[in-house]
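Open the structure in your viewer and keep the sequence panel beside it. The tour below goes stop by stop, with something to select at each one.

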Amino acid sequence: AGAGEEPGLIYSRLNNPDLEILENRLTLWDGAEAAAVFESGMSAISTALLELLKPGDVLLYSIPLYGGTNHFIKHTLTKFGITVIGFTHFHNREQIEELVRSRADGKLALIYIETPANPTNDLFDIAMLKSVAHHFSTPDKAVYLAVDNTYMGPVWQHPLKLGADLVLYSATKYIGGHSDVIAGACLGSKQLIQRIKTLRTFLGCMAGPWTGWLLLRSLETLKLRMDKQAHNAAYVAQFLAQHPKVEKVYYLGFLQPGTEQYDIYRRQCLSAGAMVSFDIRGDEQEAFRFLNALKLIKLAVSLGSTESLAEH
């Protein structure tokens, strides 16, 4: 580069025009300094975890998690000498800190949470867990907090503003929103995202220009789609709650004032979202009979698109 010039784009595994425009636009939703887009949500999650953890480190993670993340943490990270410790939304701050003191032995490197959790809509207090991360940080080693924000999307919750160091998405879901693209995203500070982009370059899991173009198209309608989906989900949740064959509905709009979960919801969520899960009276056989009888709602494993989907 000459004086006053910046290097041009040289190879699509590093970056490409669609990808750079998309990453710049994504930062606006979460108030992030930088973003990295990947060819899938799992590649965003796995790359971030591999960059921030090394053999001997301890990862503290929330339960439940999306199945792919859960498998990667339990069956892949542990192969590399990383200790993993789970906790639920029933653990308070004191119990979480005791868990770390008793099992992490000063080696905590990362707290990873998914809130709301897939599939129960359990909420985890982002600001409190950032405080826990800060408590166990030292001048030589920062403990980071990463948040999977897929269930709320970039419209209804902003983890970076609540203290998170990284926010992650399966962009396949609300951000893509049309069931025609697989993608992931990771956002945070320039320093952290540069580290993650460097590893992305050598793992080769960056999003290609066509994926970038599709996501840029989807961002044009993101808020309109998500607000309408939340509106529709409230009707579905009310219907299910009143149905005699439904035992319990897990929906953020049903949280009761005065409960800890409701307090977290009021502090960090801007909507009840569009994800509803429920228990049918009976066992697996009754659940499968219900799924097989669906006519309008499709039996498929995703979320956040223009169709309504159901899965067991």
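Select Tyr-11 to begin; this residue sits in the segment before H1. Bear in mind throughout that the model is predicted. Now add Ile-10 and Leu-14 to the selection: together with Tyr-11 they make a nonpolar surface patch of about 340 Å².

**The sheet**

Next, colour the strands. Seven of them form an open sheet with mixed pairing, in the order S1-S7-S6-S5-S4-S2-S3. Strand S1 (34-38) and strand S3 (83-87) are the edge strands, each pairing on one side only. Direction ignored, neighbouring strands of this sheet are turned by 20 degrees against each other on average.

Zoom in on the S1 edge. In which sense do S1 and strand S7 (residues 184-188) pair? The sense is antiparallel, over five bridges. To find a point of reference in this pairing, select Phe-38, which stands opposite Gly-184 in S7. In general, the strands of a sheet pair through backbone hydrogen bonds, in either a parallel or an antiparallel way.

**Helices across the sheet**

Show H1 as a cartoon together with the strands. This helix lies across S1, strand S6 (166-170) and S7, and it runs at about 125 degrees to S1. Then move to H4, which lies across strand S2 (58-62), S3 and S4. The angle between H4 and S3 is about 160 degrees.

**Salt bridges**

Switch on the side chains. The model has 14 salt bridges, and three are visited here.

Start with Arg-200 and Glu-23, whose side chains meet in a salt bridge at 2.9 Å, N to O. This pair links distant parts of the chain, with Arg-200 in helix H8 (residues 190-203) and Glu-23 in helix H1 (residues 17-30), 177 residues apart. Are these two residues buried or exposed? Both Arg-200 and Glu-23 are buried.

Go back to H4 and select Arg-93 and Glu-97. They form a salt bridge in which the closest N and O atoms are 2.8 Å apart. Because Glu-97 and Arg-93 are four residues apart in helix H4 (residues 93-103), about one helical turn separates them. Glu-97 has 11% relative accessibility and therefore counts as buried. Arg-93, at 26%, counts as partly exposed.

The third pair is Arg-267 and Asp-125, with a salt bridge of 2.4 Å, N to O, between their side chains. Here too distant parts of the chain are linked: Arg-267 belongs to helix H11 (residues 260-268), while Asp-125 lies in the loop between strand S4 (108-114) and helix H5 (126-136), 142 residues away. The relative accessibility of Asp-125 is 15%, so this residue counts as buried. Before leaving the salt bridges, select Arg-93, Glu-97, Glu-98 and Arg-101: salt bridges that share partners join them into one network.

**Last stop: Lys-107**

Follow the chain to the loop between H4 and S4, where Lys-107 is found. Lys-107 counts as partly exposed because its relative accessibility is 41%. Which residues should be selected to see its contacts, leaving aside neighbours within four places in sequence? Lys-107 is in contact with Gly-56, Asp-57, Val-58 and Lys-141. To finish, draw a distance from the C-alpha atom of Lys-107 to that of Leu-216: the separation is 40 Å, for residues 109 places apart along the chain.

Note on methods. Residues are numbered from 1 along each chain as its sequence is written. This is a predicted model: local features need pLDDT of at least 70, side-chain atom pairs count only at pLDDT 80 or more; totals for chains, interfaces and linings use all residues. Side-chain values use heavy atoms; hydrogens and water are left out. A salt bridge is a side-chain nitrogen of Lys or Arg within 4 Å of a carboxyl oxygen of Asp or Glu. Helices (H or I, at least four residues) and strands (E, at least two) are DSSP runs, numbered from the N terminus. Buried means under 20% relative accessible area, exposed over 50%, partly exposed in between (1.4 Å probe, protein chains only). Two strands pair if DSSP finds at least two bridges between them. Axes are lines fitted to C-alpha atoms, for helices over the stretch in contact, and angles run from 0 to 180 degrees between N-to-C directions. Contact means heavy atoms within 4.5 Å. Patches are made of residues with over 30% relative accessible area and no salt bridge: like charges are joined within 9 Å, nonpolar side chains (Val, Leu, Ile, Met, Phe, Trp, Tyr) within 5 Å. Accessible areas come from the Shrake-Rupley method with a 1.4 Å probe; for residues, only the protein chains shown count as cover.
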